[in-house]
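Please open the model in a viewer and keep the sequence panel visible. The tour below proceeds by selections, each followed by a description of what is found there.

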Amino acid sequence: MKLGNWLALFVALVLAAEIARLLRQRAAQHGRWRRLFRHRTTSWGIGILAFLVIIALAAPLVAPFPPGDQLGIVDLKNHPPSWTFILGTDVLSRDVWSRIAWGARVSLGIGALGALVAVSLGTLVGASAGYYRRWVDALLMRGVDVGLALPRIFILLMMVALWDRLPFAALVLAIGLTSWFGTSRLVRAEVLSLRERDFVVAARALGAETGRVIFRHVLPNAATPIIVSAALGVGNVLLLEASLSFLGIGVAPPDPSWGSIIADGASTIYTAPWTILFPGLAISLVVMSLNAVADGLRQALDPREEMA
Amino acid sequence: MTTPATTPALLRVRDLKTYFVTEHGKGTARAVDDVSFDLYPGETLGIVGESGCGKTVTSLSILRLVPEPPGHILPGSVIEFEGRNLLALPAPELRAVRGNQIAMIFQEPMTSLNPVFTVGDQIAESAIIHQHLTRRAARARAIEMLRLVGIPDPEERVDHYPHQLSGGMRQRVMIAMALVCHPKVLIADEPTTALDVTIQAQILELLDRLQQELGMAVLLITHDLGVVAGHADRVVVMYAGRVVETAPTQRLFDQPTHPYTEGLLASVPRIDTPRARLHAIPGQVPAATAWPSGCRFRPRCPYAWEKCLEEPDLLEAGSPGHTTRCWLVTEPERRQVKR
């Protein structure tokens, strides 16, 4: 690590803390958003996520080495953490910290986009099934049953077998399109109960059309489970991408993702545990932060939560 | 307000039949079975009857809000609003009537408001849908409506959520929502049932005042005869999915003709005639899947005789606008013979 990298890292840390602080300050002035920060964990979650996103964006600045460079295959492989290699090097003598910083782009990108695709699709399908019921419901839910019955990893393996290496966008789509089944069931159940509520009849009596009734009156009341499932979904997608990379069918090497870093380090788990410890830690941090933020959002979005 | 017979009706309901298919083949519930009535401009028409007689289904049928399935309105039913049959209207035109020309307020102000939107948003919605107001203009309209329905501090209340308001306040908000577009007809389905008595009186007075200011017709659906006596011009009494008696309010209270109406009036506690026991109509409303044959009130009627095995039409009961579905009109001497 050169001085410049330390400086960049420090700036990233300060920036993340500042973002969390600013958001908190802005929220304090708006009644409903104040509840977002009721628990300290939400601020931490937002801060950690902001930090990791900044690292991903500023990878060239915070990473001392290019992620694919083998720095010295003879004497620098499996080098333990030191001032030069703060998180050590892997079996191919690549700097783990640099790979994690660059890998954040791929992992967070696939996580966020994949979860977005999955949750949007799941919400749309679940809302249609729950609102229209009858044959629409039967058709969509049998489809979901089939989707849930097929092991997801096999579908993805099949796609990879058919198309060889998947480009980034195709990987996002492949993951997104196979991850929405759970969300759709959740949303359907929620919509089924909401559609019978009096305020839905009242909205129709006001002359609102079906789309408006679903999107303005029904779905906002189902926001809580949708948001929670989105936050958990990012974590799941992240893990799925990690297992795909672990199986060697994720992101094309030598591009790093957190999953592929772990995969590369798996063989040296006893001799060089830092190669899997730190990317694993990064994944856990993201998932935990997302859970904390989801919890805060749930409280902020539900006006029935009393102000405390 | 009295209604000259020459004015054309604003809302004509004819032969309305709304049936529900029950699950597991237990048969068809004929919740509303051949109901006809007229609503004239500017009047208040009360629809009374006990629970399960089809009042609410009638009101939902008018705007085609009956859930389908299991419910369906039978062909041959007519709901004519300003000359157009609402039951034959394509969906977009029907939506243009809902909330705009005919508005509705519901029984439960607790559950009829969307918990995740401010009351201002909800009042503004109808104006945004029908009059394409901008958000800013709609908000101003919402504040104006809150003031109209007598909510203090409307500028502040407009940003409140339903759970921050009391039941009476919420019902005022419901009324504000319904009246944003100045509808010609307001259907009020048990607007005060969920409220306590003092608030009830306030809400009904508010409705009376707004009706005069805005000149709309009100269809007041209730099981409370006291409410009808104080606020309706004419009354339609429903029993077992049918209209059993129609009369101007005064006439109905002075001279109820149908034994069911008679029973209803007798079961209201009165302050001027002390009585040890309150009158009760024996039995209960039969299930809508199995209405009795002949006159549907026959099993509970104190005067019933053989002729009641055949159900009468609505018969003229000796005063303009007063009709009754009972043979007693043709054989009044039978009233002396109680079972």
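In which loop of chain A is A:Arg133 found? Select A:Arg133 in this predicted model: the residue sits in the loop between helix H5 (96-132) and helix H6 (134-149) of chain A. The backbone here deserves inspection, since phi of A:Arg133 is near 50 degrees, a positive value in a residue other than glycine. A:Arg133 counts as partly exposed because it has 15 C-beta neighbours inside 10 Å. Next, add A:Leu192 to the selection. The two residues are 59 positions apart in sequence, and their C-alpha atoms are 8.2 Å apart in space.

**Chain A as a whole**

Widen the selection to chain A. How many helices and strands does the secondary structure of chain A hold? There are 14 helices and 0 strands, so that tracing the chain from the N terminus gives α-α-α-α-α-α-α-α-α-α-α-α-α-α. Viewed along its principal axes, the C-alpha trace of chain A spans about 75 × 50 × 25 Å. Of its 308 residues, 44% count as buried. Among the contacts in chain A with a separation of 6 or more, 71% are between residues 24 or more positions apart.

**The side of chain B that touches chain A**

Now display both chains and select the residues in contact across them. On this selection, 23 residues of chain B meet 16 residues of chain A. Helix H2 (91-97) and helix H3 (119-131) of chain B each supply at least two residues of the side of chain B that touches chain A. Which element gives the most to that side? It is H3(B), with 4 residues. Colouring that side of chain B by residue class gives 11 nonpolar, 8 polar and 4 charged residues.

**A positive phi in strand E1 of chain B**

Move to B:Asp15, in strand E1 (residues 11-21) of chain B. Phi of B:Asp15 is near 50 degrees, again a positive value in a residue other than glycine. With 13 C-beta neighbours inside 10 Å, B:Asp15 counts as partly exposed.

**The eight-stranded sheet of chain B**

Select the open sheet of 8 strands in chain B, whose order is E7-E8-E9-E3-E10-E11-E13-E12, with mixed pairing. Which strands form its edges? Strand E7 (102-105) and strand E12 (315-316) of chain B do, each pairing on one side only.

Within this sheet, centre the view on strand E11 (residues 242-248) of chain B. Is E11(B) largely enclosed or open? The strand is largely enclosed by the rest of the structure, because 6 of its 7 residues are buried.

On one pairing, strand E10 (residues 234-239) of chain B and E11(B) run in the antiparallel sense over 6 bridges. Two pairs can be picked out here: B:Met238 stands opposite B:Val243 of E11(B), and B:Val237 stands opposite B:Glu245 of E11(B). The hairpin of E10(B) and E11(B) has 2 residues between the strands, and B:Ala240 in this hairpin takes a positive phi near 50 degrees.

Then select strand E13 (residues 323-324) of chain B, which is joined to E11(B) by 2 bridges and runs antiparallel to it. B:Glu245 serves as a useful point of reference: its bridge partner in E13(B) is B:Thr324, while B:Val237 stands opposite B:Glu245 in the pairing with E10(B).

**Helix H6 of chain B**

For the last stop, select helix H6 (residues 167-179) of chain B. From first C-alpha to last, its 13 residues reach 18 Å, close to the 18 Å expected at 1.5 Å a residue. How many of the residues of H6(B) are buried? The count is 12 of the 13, so the helix is largely enclosed by the rest of the structure. The buried residues include B:Gly168, B:Arg170, B:Arg172, B:Met174 and B:Leu179. To see what covers the buried residues of H6(B), show the surrounding elements, among them E7, H3, helix H4 (135-148), strand E8 (185-189) and helix H7 (197-214) of chain B. Two of these lead back to earlier stops: H3(B) gives the most to the side of chain B that touches chain A, and E7(B) is an edge strand of the open sheet.

Conventions: Residues are numbered from 1 along each chain as its sequence is written. Chains are lettered from A and ligands numbered from 1 in the order in which they are written. This is a predicted model: local features need pLDDT of at least 70, side-chain atom pairs count only at pLDDT 80 or more; totals for chains, interfaces and linings use all residues. Two residues are in contact if their C-beta atoms, placed from the backbone, lie within 7 Å. Ala, Val, Leu, Ile, Met, Phe, Trp, Tyr, Cys and Pro count as nonpolar, Asp, Glu, Lys and Arg as charged, and the others, Gly among them, as polar. A residue is buried if 20 or more other C-beta atoms lie within 10 Å of its own, exposed if 12 or fewer, and partly exposed in between; C-beta atoms are placed from the backbone. Two strands pair if DSSP finds at least two bridges between them. The expected span of a helix is 1.5 Å times one less than its number of residues.
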